[in-house]
Amino acid sequence: MTSLSPTVPVSVPETGQGGGSAPPRFGGDDGGGGDGYPDYGRRLRRARLGLAVALAPILMFFVSLVSAYIVRQGLPTFDDKTNTYVREWIPVELPLALLLVNTGLLAASSLSAELARRQITRQAALAPVRSIPGVSLGNEAGFPWLWVTVLLGGGFLVGQWLAWQQMADRGFYLATSASSSFMYLLTAAHGVHLAGGVVVLLYAAVVSLFHTPIEARRIVVDVTAWYWHFMFLLWIGIFGLLWLMR
Amino acid sequence: MATSASVHAHAAPQGFIRKYIFSLDHKVIGLQYYFLALIAVFVGMFLSLLMRIHLIWPTAVLPLVGEIKPETYLSLLTMHGTIMVFFVLTTAPQSGFGNYFLPIQIGAPDMAFPVLNMLSFWTTFVAFVVLVSAFFVSGGAPLHGWTGYAPLSALTNSGPGEQLGADLWIASIAIFCIASLMGALNFITTTLDLRAKGMTMMRMPLTCWAWFITAILGLLAFGVLLSAGILLLLDRNLGTSFYVPLVVVNGQVMAHRGGSPLLWQHLFWFFGHPEVYIAILPGMGVASQILSTFSRKPIFGYKAMVYAIMAIGILGFVVWGHHMFMSGMSPYSAFAFSIMTMMIGVPSAIKTFNWLGTIHNGRVRFQTPMLFGIGFVSLFVSGGLSGPFLAQPVLDIPLHDTYFVVGHFHLIMGVAAIFGIFAGTYYWFPKMFGRMMSESLGRVHCLITLIGTYAIFMPMHYLGMAGQTRRYSQFTEVQYMTHLIPLQTFMTYAAFITIAAQFIFLFNLFWSMFKGPKASDNPWEATTLEWTTATPPPHDNFGGRTPVVYHGPYEYSVPGAAKDYVMQTDPAGVTTH
C-alpha cells in the first residue's frame, strides 16, 4: 500500500495592502495570545476598513450640526416687545487672522502626518532586512515626523483656544447668539475629535521609544494619518461654513 | 477573508474576570448583552404594569412607587419607552444575538475588533445604569417621553423630573449612542472582512444580512441623535437657544430666544425612524431563518428578501416626517413623507409574502421557535396594517397621539421584535448553552403571550378611534371616555396574565440552562455554520478549523441530496448558487 507523504502547506508572505511592504512572518507580540502570529497586512486592511466605517458616523454627526445651523439661521425670532417676528441672527466676528494661522498649522500637521505615515511604512518594509544578523541600515530613526505632527496638532488646539478667547473678548459667548453657540459648538466638537487623534499619535510616538514591533505601530500611525486628513478637510468645511455663511 | 489565527489574536482567557466580565470573546459579550436586555425588559415590563394598574385604579397606592401622581405617570412612561426601545429592542436582537452568531454564521473566529466590542458592551451597561439612576435623584425620572420633545425636555424648570433626571436621561442616551456606534462599526467591518472562504455576501444567512443592514442604519442614525442630545444638553445647562423659543414658564420669562422645537423633532426622528427598523430588522432575519428551517424548505425568494431588507433600510431614512404631520409642516412635505412611508409597505409586503411562500407546502415542524416565528409574522402583519392609516396625514390628524398609535407601534415594533427575540432564544438556546429548552413550557409561553399581546394591544386601536389620547395619567373621570373603562380594564387583566406568562419563560430559560436535556450539535437539522461546530462553540468558534462554505444558507429538501438538508460547509452534494 502506497501512501503519499503529507503535504506541508508553504504559505508565501502576502503583500501588504497599502505600503507595498511584505509583513514579516514572525512579528513579536500579538497581544498575549499565542494562537498564531499576527498577519499585519490583513490587520492593516481591517483597521483601514474600520476607520472608513467610523468616519461615516463622524460625518453624520457634523452634517446634522451643520443642517441645524442652516435651519436655525433661517428662523425668525419672536420679539416680545414689538410682538413681531424679527431676524435675530447676529453674524459672529470671527478672529479671522488667528483662524487662518490655525488652518495653516493644521494643514502643515496633515502634511507631516502623511510624511510620518510614509516613513513608518518604509521602516516596516525594511524591518525584515534589519532583522538579518549583521545587516545595518544606518540611521534608522529619521526625522521625527510623528512628534512634529503631535506638536502642530497641539498648536492648532492651543490656537483654537486663543480664538475662543478672542471671541469672548469681542463679547461673543456661548449663549450670546445662536451664531456664536454654533461657532463654539462646531469648533469644540472638531477639537475633541482632533484631540483624540493627537492622543493616538502621542501614544504611537511614545511607544516608539520602547521596543514595540514596528508593524503594530505602523497600523496605528497609518490609520491615524488618514483620520488626520479627514479632520483637516472637516475643519476646512467648518471654517468655510462659519466664515462664508455668517 | 481571514484565517482563524490572524483574527483570534487572544487565547482563551483563564481567570473569571477575563472570561466572564471583561471578556473579549464575542460569544460572552453577546450573552452579556442578552442578559442586560433581559434585566431591562423586566424593569420596563414592571413599569408598564404600574401604568396599567394606575389607569384602571387611579387612586391605588402601589408598591415601590406609592401613589402615582400625573408626573409620576409621565416618568413611568418615559422610562418604560426609553428602556424598552434602547436597552431591549436595540440591545437583544442586534447586539445580543448579532454578537453571538454573526461571526459564527460567517465562519469567523471573532469580531473584527474584540476590544472595541468589549468596550461597547460596557459602555451600554454604563448607559443603562445612568438611565436607571434617574429614578433615584431629586425630582425623579424625566417626564418628556422617550422622544424627549423640546421645549419640555430643554427647560430644567418645566417639571419635577426635568431637573437632574432629564440630564441623566440625555447623558444615558448619548453614552448609548457611542456604544451603538462602536458596535455598528464592528458589525460592518466583521461582515465585510471576516467572512470565511466561500461565504459570499449572497450566501450569508438572512440573519447576517439583517444584522449588517441594521448596523449600517445604526451607524448613520446614532451620530445624529448624539448631536441632537448635545444641543439639548447645551440648551438645558449653558443657556443656548437651539430648541427653545421665547417661552414663559410659571409666569417667568425665560432667557431663551428664537430656538425651534421642531429642530429637535427633525433631528430626533431622523434617528427615531431608522431606530424602528433597527429594532425590527434582526427579528425579520431570525424569522426568515426559522421559517425556512422548520418548514424544511429554502427561503422563498432569497434575493428578494435581501433587497427588501436594503429597501426598508434606505426608505427608513426618508420617512421621518410622518411622525410630525401634526407639527404644522408644509402639506407638500407631508405629502412627500406620506408617499415615501407608504412605499415601505412594498418591501414589507414582499417579506411577508415570502414568509408565507416559505411555509406553503412545507413539511412544517411546529416546535417552539417555529411557533414564535409564525407569531412574529402574525404580529408584523397586524401591526403593519395600521401603518398605512397613520402614514396618511388626513387620517393621522385625528389618530395622532391617541391609543391607535400606541397599539400600532407596540404590535409592530414592540411585541413583534420581542417575538423575534423569543424565537431566537428558543432556536439558539441549544447552541448557546448546550441544552434544550422545555418544549411544552415553550408552547404554553408562546400561546399565552401571543393571545395576551393581541388582547392588550388590539383594543388600543378602538380606543384611539374612540378618541382616547395617550399619555394621560387619568381618564376615568373624563366623561367622554368613561364608556371605555371596561375595555381598559380588560387590557389591564390581559397585561397581568401576559406578564405572568413571562415568568414561565424565565423559569424555562434558567431551569433548562442547568437541567434541560443535552443538545446535539445540530438539534434542528439546520444548515448554517453555527450548527457545524461544537455545542457550545469553542473559544475560536470552530476549534482551529477554518470553515469553507460551498452552499447557500437554506438548502432544504434539495432534490437528489442524501438528507433533507445540506449544510453550508458540506463539500459533497448538489452545488448551487
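Let me begin with a definition: the domain bounds I will use come from an automatic or database domain assignment, and on that basis chain B is divided into domain 1 (22-247), domain 2 (260-514) and domain 3 (516-577). The centres of domain 1 of chain B and domain 3 of chain B, taken over C-alpha atoms, are separated by 34 Å. Please keep in mind throughout that what we are looking at is a predicted model.

Let me say a word on confidence before going further. The model scores ipTM 0.92 and pTM 0.92, and chain B has an average pLDDT of 93, with 97% of the residues scoring at least 70. The stretch to treat with reserve is residues 1-9 of chain B, where pLDDT stays under 50, although the model has 32 contacts for this stretch beyond four places in sequence.

Chain A I will cover briefly. This chain has 246 residues, of which 37% are buried, and there are 5 helices and 2 strands in it, which follow one another from the N terminus in the order α-β-β-α-α-α-α. If we take the contacts in chain A with a separation of 6 or more, 77% of them are between residues 24 or more positions apart.

Back to chain B, and to the place where domain 1 and domain 3 touch. Here 16 residues of domain 1 of chain B are in contact with 16 residues of domain 3 of chain B. Which helix gives the largest share of the domain 1 side? That is helix α5 (residues 91-105) of chain B, with 4 residues, and by class the domain 1 side as a whole consists of 9 nonpolar, 3 polar and 4 charged residues.

Helix α5 of chain B deserves a closer look. The helix bends by about 55° at B:Gly98, and just after the helix we find B:Gly107 with a positive phi of about 80°. Is α5(B) enclosed or open to the outside? Since 15 of the 15 residues of α5(B) are buried, the helix is largely enclosed by the rest of the structure.

I turn now to the backbone, and to some places that one would want to inspect by eye. As background, most residues other than glycine have a negative phi, and most peptide bonds are trans. In chain B, the peptide bond from B:Ala150 to B:Pro151 is cis, with omega near 0°, and B:Pro151 sits in the loop between α6 (114-133) and α7 (164-193) of chain B. A cis peptide bond also runs from B:Thr535 to B:Pro536, here with omega near -15°, and B:Pro536 belongs to the segment after α18 (485-515) of chain B.

As for phi, B:Asn250 is not a glycine and yet has a positive value of about 50°; this residue is in the loop between β3 (248-249) and β4 (252-253) of chain B. B:Asn250 counts as exposed because there are 6 C-beta neighbours inside 10 Å. B:Glu525, likewise not a glycine, has a positive phi of about 55°, and lies in the segment after α18 of chain B. With 16 C-beta neighbours inside 10 Å, B:Glu525 counts as partly exposed.

The segment after α18 of chain B also holds B:Thr569. Why is B:Thr569 classed as it is, buried or exposed? There are 22 other C-beta atoms within 10 Å, and the cut-off for a buried residue is 20 or more, so B:Thr569 is buried. Setting aside neighbours within four places in sequence, B:Thr569 is in contact with B:Leu529, B:Thr532, B:Pro547, B:Val548, B:Val549 and B:Tyr550. From B:Thr569 to B:Met199 there are 370 residues in sequence, but the C-alpha to C-alpha distance is 9.6 Å.

Finally, the nonpolar interior. The largest nonpolar core has 229 residues, and those that touch the most other members are B:Ile280, B:Ala416 and B:Ala423. Helix α8 (residues 206-237) of chain B gives the largest share of this core, 22 residues. What surrounds B:Ala423, leaving aside its neighbours within four places in sequence? B:Ala423 is in contact with B:Val286, B:Ala287, B:Ile290, B:Pro369, B:Phe372, B:Gly373 and B:Phe376.

Definitions and conventions: Residues numbered from 1 in each chain as written. Chains lettered and ligands numbered in written order. Predicted model: local features only at pLDDT ≥ 70, side-chain atom pairs only at ≥ 80, totals over all residues. Buried ≥ 20, exposed ≤ 12 C-beta atoms within 10 Å, placed from the backbone. Contact = placed C-beta atoms within 7 Å. Nonpolar A, V, L, I, M, F, W, Y, C, P; charged D, E, K, R; others polar. Bend = angle between axes of the 7 residues up to and from the residue. pLDDT = per-residue confidence, 0-100. Core = buried A, V, L, I, M, F, W, Y, C linked by C-beta atoms within 7 Å.
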